[in-house]
Structure formats: C-alpha cells, structure tokens
Protein chains: 2
Amino acid sequence: MTWHAAPLAGRTEFLRSSAIRDLLGLAGRSDIVSLAGGLPATETFPVEAVREACARVLATRPHDALQYGPSEGIAPLREWVAAHLGARGMHFDPDQVLITSGSQQGLDLIGKVLIDAGSAVLVERPSYLGALQAFGLYAPRFVGIDADAEGPLPLAFAAALPGARLAYLQPHFSNPGGCSLSDTRAAHLAPLLAAAPTWLVEDDPYAEIWFETPPQPGLIARGVAQGVHLGSFSKVLAPGLRLGWIAAPRELAPKLAQARQAADLQSSSFAQWLVLELLRGGAVERGLPALRQLYRGRRDALLAALQAHMPAGVRWSRPGGGLFVWVTLPHGLDAAALLPQALGRGVAYVPGVSFDVRGEARNTLRLSYSSVDEARIDAAIATLGALFEHALRAAPEARAA
Amino acid sequence: MTWHAAPLAGRTEFLRSSAIRDLLGLAGRSDIVSLAGGLPATETFPVEAVREACARVLATRPHDALQYGPSEGIAPLREWVAAHLGARGMHFDPDQVLITSGSQQGLDLIGKVLIDAGSAVLVERPSYLGALQAFGLYAPRFVGIDADAEGPLPLAFAAALPGARLAYLQPHFSNPGGCSLSDTRAAHLAPLLAAAPTWLVEDDPYAEIWFETPPQPGLIARGVAQGVHLGSFSKVLAPGLRLGWIAAPRELAPKLAQARQAADLQSSSFAQWLVLELLRGGAVERGLPALRQLYRGRRDALLAALQAHMPAGVRWSRPGGGLFVWVTLPHGLDAAALLPQALGRGVAYVPGVSFDVRGEARNTLRLSYSSVDEARIDAAIATLGALFEHALRAAPEARAA
C-alpha cells in the first residue's frame, strides 16, 4: 500500500544523537585509540563473581528473578542504597529510593516530572551531555552557569537562581569537567539553594572512584532539603547490567515511581537480585581498591602525557577521581573541526561543544583515560599534541586559553 | 535546613498509578487468589536453560555482556527479530528494529516521538492500561473507539480517523479484552488506514500464545505501511529480563533510537546476549507447546467456572489465546466498588474502568488465568459469582449487559 507520511511530535526537534554514543562504535576498532568513550575498563568487571552470583540467584530464587517485581525496585536493594547514602551523610529512607535502569533513566524521569516547556534549568558549563539530552526533550530554558575547578561560580549561580525550576550539578569528578565542588564553594551554594524553591539534582556516579582522598560532602549531605540524588552501579560494577538509583524527597519520590511505571514498568528483576548478591558477597567493595588504582595510573599517565606533548597555551583539568579530563585549547582552535584529522591519525576524543549548553566552547574537548592502557595513552596524546601544534601554527591569531 | 516546596511539571497531573501494578503485591499473598495480575506462570520459566545460558555468555563474551553496547540493541538480536517478523509477514530490516526494555518502553518512546499535547490518539474501548498511562503523559486527546469481539467497529473507526495522529491497536488476544482482530474486520480497517496520514501502532505481545490456531495476520502484515510493531519476550520467556522490541518504518526508527538514548541509553547488554543464547539454543521455541497447553487448560477452567458460577446477565469474552478474559456485569453494578468485598473474600481482579479511556465501563472487570492453577480458578470464580449474585439482588434495577 502507499505510504502517507504522518507527522511527528514537535519535541522531536529537540532530539539529538549523542556525540558520545555516536563515537562509541570507535571503541571496538583496533586502528583507533579512543579517548572518547568513558567506558569502564573491562578488566574491572568481576566476571567470576557475576558468574557465581547468577548461579546462586537462579538456584535460590529463580522465580523472583525471572518474574515481574515492584516498579520501585526490590526492597533489599532499596535498603542497601539508603544505608549506603546514609553512610555518606545523605539521609533517605528506603521508600524514598527508586531503582532505575542506570542513572540516565533517572535524568529522564526527573525531566518528565519536573520540567515544563520554558522552565529555567541551571546547568554548569560544561555539563553532562546525557542530562542535556534527557532534559532537552522537555523543552526547558537552559541557563548555563560558568564554572571553575571548584564548581559553579557563586555570583553567576545566585544571579540565575531566582525562578529556576531546578539546578543540575555533579558534585564529584564531573563528566566532562573532571572537577569537584570544593568545600568553600559548597558552603557558598548551599544556603542559596536552601532559600530557593528550586529543586537540586545531584548526579553522582563517580563518587567512589577517588584517587587520593574520598570526596567532600556534596550539597545534599550539607542539608539542602530539596535535593534529588542520582547514583549508579555502572562505574563501580558493570554498565551492561543497567542499574542505578534515584533518592528523592518524600514529595517527589512517588511521582517519580509513577512516571517510572509508565516508562518501562521496572528494572530487570534478575539484574537487581544479581547486584544485591554481588553487594552482599562483597564483590563490589573488594573490587574498588584495584579499580581506583587502575584508573589512577591511567589518569597519571594522561596528565604526564599532556604535560609532555601539549603545545603552550593548552590547559586541562586535574581530576582527583572519575574518568575524565577536560582540555581547553587556545581560542580560535575548533576541536570539532579537528576531530576528523585526529581520527585520521588514529585517535578519538569528544569535542567539548556538545557539553556546552550555549554551544560556544568550540575550543574544548573531553578525554577519557578509563579504557586505554598507559602506553597507548602516551602515544595518543603525542599524536594530539602534534595535531594541535600544527593547527596553532596554521592559526597564528589563536590566543592562549 | 528548611524546605522550600518547589513546583512539579504540569504533566504530573496526568500521572496515574496503574491499578494493575497497585494490585501486583497481592499476587504474593497466600490468602488471596489473584486473577488481577496477568503475571506469566512461573512454571513456564526455563530456569535450567537460563542458568546454562548465563554460564555460556559469561564464558564466551563476558566483556560484551557487562559493558555498554549500542542503543539500538545488539545486532544479532535485531536480526533475529527481523527474521521472526518476516516469517509472520511483517517485513522490517534489522536496522528498523530497536531492542527495548519490554514493550512498555516502546509505548513510552512512541508517546515521546509521536504525541503532541492535544494530538488525537485512537484507542479501543477497552484498551491496554499501560498504553493509556504511557501516552497520557504526553497529553493527547484520546478518542475511544467502541469494539466488539472482532475488533474496533469500522464506522466508529472511520469517523474518528481523520486528523488522528495515531491509532493504537492490539491485533491478537488483547489485554484486557481477550479479543483478536477478525479477518473481515481487518479487511475493513486496512484500507482506511492506508489512506490516512495516521501512524498505526500494533502492540502484539501475545501472538505466540495461541490455543487452537495461530492468529490471523494483523494490519501491518496486510501491508499498512505506517505501522509500528511492538513485541516482547516477557510472555514467552520471562518478564524479569525486561526485553522487547519496536519495529518501525524507516522515517521513524532513528527518532525512536534517539529518544531511547536520552531515556536510558540502552537495554542491558547481559540480558540481550542471554536472550539471544536462549533463542539460538531453542529454549524459547521448545517451551512454547507446554506454555500454550498450560494456559489453554487454565482458560478452559476459567470459562467453565464462569459458565457454572456467574449469575444471569453476566457476559465474558472467549479468548483464543493470551492471558485475559473480559467480564461485563449487568449495568448498574460497579466492579471497582465491589473489589474491596472481593478482596475480603480472598479474590482479586482488576476493575475494568481503568482500561476505558472514557472512564465509563464501571460494570466491567479483567480476569487473568495465567498464574492461577485450575482448582483455585474454580473456587475463586465461585466466590465472585456469589458476590455478584448478591450485589444483583441488592440492586434490582441493574439491567442485563
């Protein structure tokens, strides 16, 4: 029969393919060193423990694992999350915890439940692309807050806060900035938020991946009552299981759960019992020291390589944890325009402009050291250094960042 | 710190808790026989095959299974779905297939990508509650089309079609109606749709659960080009794995994939490799005859019990497959109002009004025979029969349905 084109929803104009996801395919190519992905290192996956946990779950509660379960998540896993957050100074009861399919799903549910068309949503510059993508579908008015290595700038934050529906922050080892909220900055921001009818969303998947010292408390741990916390098992266990959580104030948690029902009913029962088994058996806890050590070595390798190979005028963040380094080239260079040449030389990165809600930061890029071994990191950064050096010579007007 | 209530998004006024999900907790209570759930029978779960498949996946491709993967789903599973649909007369290439976390997620993505506030969305009366819930958040104007045992009535459908954004149908063994589109009805509807710039969504999770004869082709298999097909592994394998699919026209599939990225990145890599292993090893195919036989026996038991115990004036559907029977009480009886008494006597069902977009069908209820053994079905229906009989005597003005 003939095809009669039918219209799409207007919000599809806000649909964007993620630059990160589009570059994900490169991670499997042997001729490309991908500093783009931010994929956890496969060496950190506790394969043997997962195998044992699968067998145990299927031996002890096969029907629970394969059947439908509660939309909010299985009770013992919600209890584990509440206890874990409590130990970090964030006090939520288990019934305020919703198990999600990764923290990306938390972002979508937050967008659905909190954002109207035109709602002011405060985000750092740069901010996490997946949040911009998820929130963007609900047509907010994004307000980009300039940030430095300590977090969002207090004056800019205070100026933008009145009337804002929500503020989205990453308190620890941010993606892509590689920054954490400092003690001083947090002490400035917390009272501003506490006085505002604005939701705070703290997206916190990297808190456990610290290298020298555990992170300072975020704003929820400092008592901001309207805080919604997002966490994930993807970075400390395995992303392929797709499990994370939201912990939310009592006013909000039931709304998120209802939105969750409509979105996809629930997260995999099997994955939830599996992760609970891995938590109880200690596999996650036992894996953390080696995981931190692996990523710390790679971070060190990346920072040393940047120091050795980057031309004058290039700056970068020095993360105390997480998976990412944010690089700022001299003004006038365009990291997106240079990407095809970098790929031609066998190196991938994510152009920073995708993370900037104003679309201005064209001279920036995100590097991830998480899934590349140290020897290849050095060679890849040498390649990028030479490329940027060459580009700088061709653009003498470029100014130091 | 003090709490400053911050506003929610306007669309939260459309959030409804699902009556089905709210009653799900009853399924585990030993003092209640739940005809409410529609849960697959745990006896049908191929536990031993799942155990072997877990071991094999973790032995042969542990890193693929535990790492991030493509948003659209893993290629061999998309190929399996395309081949499966092709064998049923629905022609989609693998790149038109998106693996989802159950078909409920497909409904949400369709809402996101196709429904604007006020878009006319045609649904049968009754229709699947999860679809009403998912679509409802995007604030459509629902248009309820009266249906009989053969599907939506052609005149009502033709009258409502002009200007409609999408029509949502369940071609086979519908939830809650227990009906299938007849050959004659399909032959009436297909040309109407083919001439309309309206998307067709065919939600088809029960097609494999037929009792006497395989189902007739639906509208997509009859050539309606703007058809989006939704399928699921929940009913033929296990719902706790949360895997299903959408197959969509070329114009639509990439938009659904982008919306999927923003929603939760991807379905579990582990679950996808696991299901692929189970499909390739033949566990799903091998399980179908016993699964059909089990449900057929329970359907027969439910129909026989209704015949034996229901008072005059009560009508019900006679499904040729699937998991549900739709019961219509005499006008004047209110199934929602009677539910507390039914629960008090140890039997649960879902009041039908939740499935009616007009909220009028108060004299209806949904019964599921899927997870209750035959002996308990008879006793439960005897209880309901006595309850309805009693209610009828108390309401002499009630008219035969």
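**Where chain B meets chain A, and what lies inside chain B**

Lys112(A) and Asp108(B) make a salt bridge, with 2.8 Å between their closest N and O atoms. Keep in mind that this is a predicted model. That pair is one of two salt bridges the rule picks up across the interface of chain B and chain A. Below is a quick tour of that interface, followed by a helix and two sets of strands in chain B.

**The interface**

- Each side puts in its share: 89 residues of chain B and 89 residues of chain A take part in the contact.
- Put together, chain B and chain A bury about 7600 Å², and 61% of that area sits on carbon and sulfur atoms.
- As for polar contacts, 33 residue pairs across the interface qualify, both residues being at pLDDT 80 or more.
- On the chain B side, the elements giving two or more residues are α1 (19-24), α2 (47-60), α3 (62-66), α5 (103-114), α6, α8 (183-194), α9 (253-264) and α10 (269-280).
- Sorted by class, the chain B side that touches chain A comes to 47 nonpolar, 27 polar and 15 charged residues.

**Helix α6 of chain B**

- Helix α6(B) spans residues 129-136 and is mostly covered, with eight of its eight residues buried.
- Those buried residues are Leu129(B), Gly130(B), Ala131(B), Leu132(B), Gln133(B), Ala134(B), Phe135(B) and Gly136(B).
- Helix α6 is also on the list of elements that give two or more residues to the side touching chain A.

**Strands β2 and β9 of chain B**

- Strand β2(B), residues 97-100, is covered on both faces.
- One side carries Val97(B) and Ile99(B), the other Leu98(B) and Thr100(B), and all of these are buried.
- β2(B) runs antiparallel to β9(B), residues 244-247, and four bridges join the two strands.
- Within that pairing, Ile99(B) has Trp245(B) as its bridge partner.

**The four-strand sheet of chain B**

- Another set of strands in chain B forms an open sheet of four, in the order β10-β11-β14-β13, with antiparallel pairing.
- β10 (315-316) and β13 (350-351) are the edge strands; each has a single partner strand, so one side of each has no neighbour in the sheet.
- The link from β13(B) to β14(B), residues 364-368, consists of two bridges, and the strands run antiparallel.
- For Val350(B), the bridge partner in β14(B) is Arg366(B).

Terms used:
Residues numbered from 1 in each chain as written. Chains lettered and ligands numbered in written order. Predicted model: local features only at pLDDT ≥ 70, side-chain atom pairs only at ≥ 80, totals over all residues. Heavy atoms only, no water. Buried < 20%, exposed > 50% of the residue type's maximum accessible area, 1.4 Å probe, protein only. Pairing = 2+ DSSP bridges. Contact = heavy atoms within 4.5 Å. Buried area = accessible area lost by both parts, 1.4 Å probe. Salt bridge = Lys/Arg side-chain N within 4 Å of Asp/Glu carboxyl O. Polar contact = N/O pair within 3.5 Å; in protein donor to acceptor, adjacent residues only side chain to side chain. Nonpolar A, V, L, I, M, F, W, Y, C, P; charged D, E, K, R; others polar.
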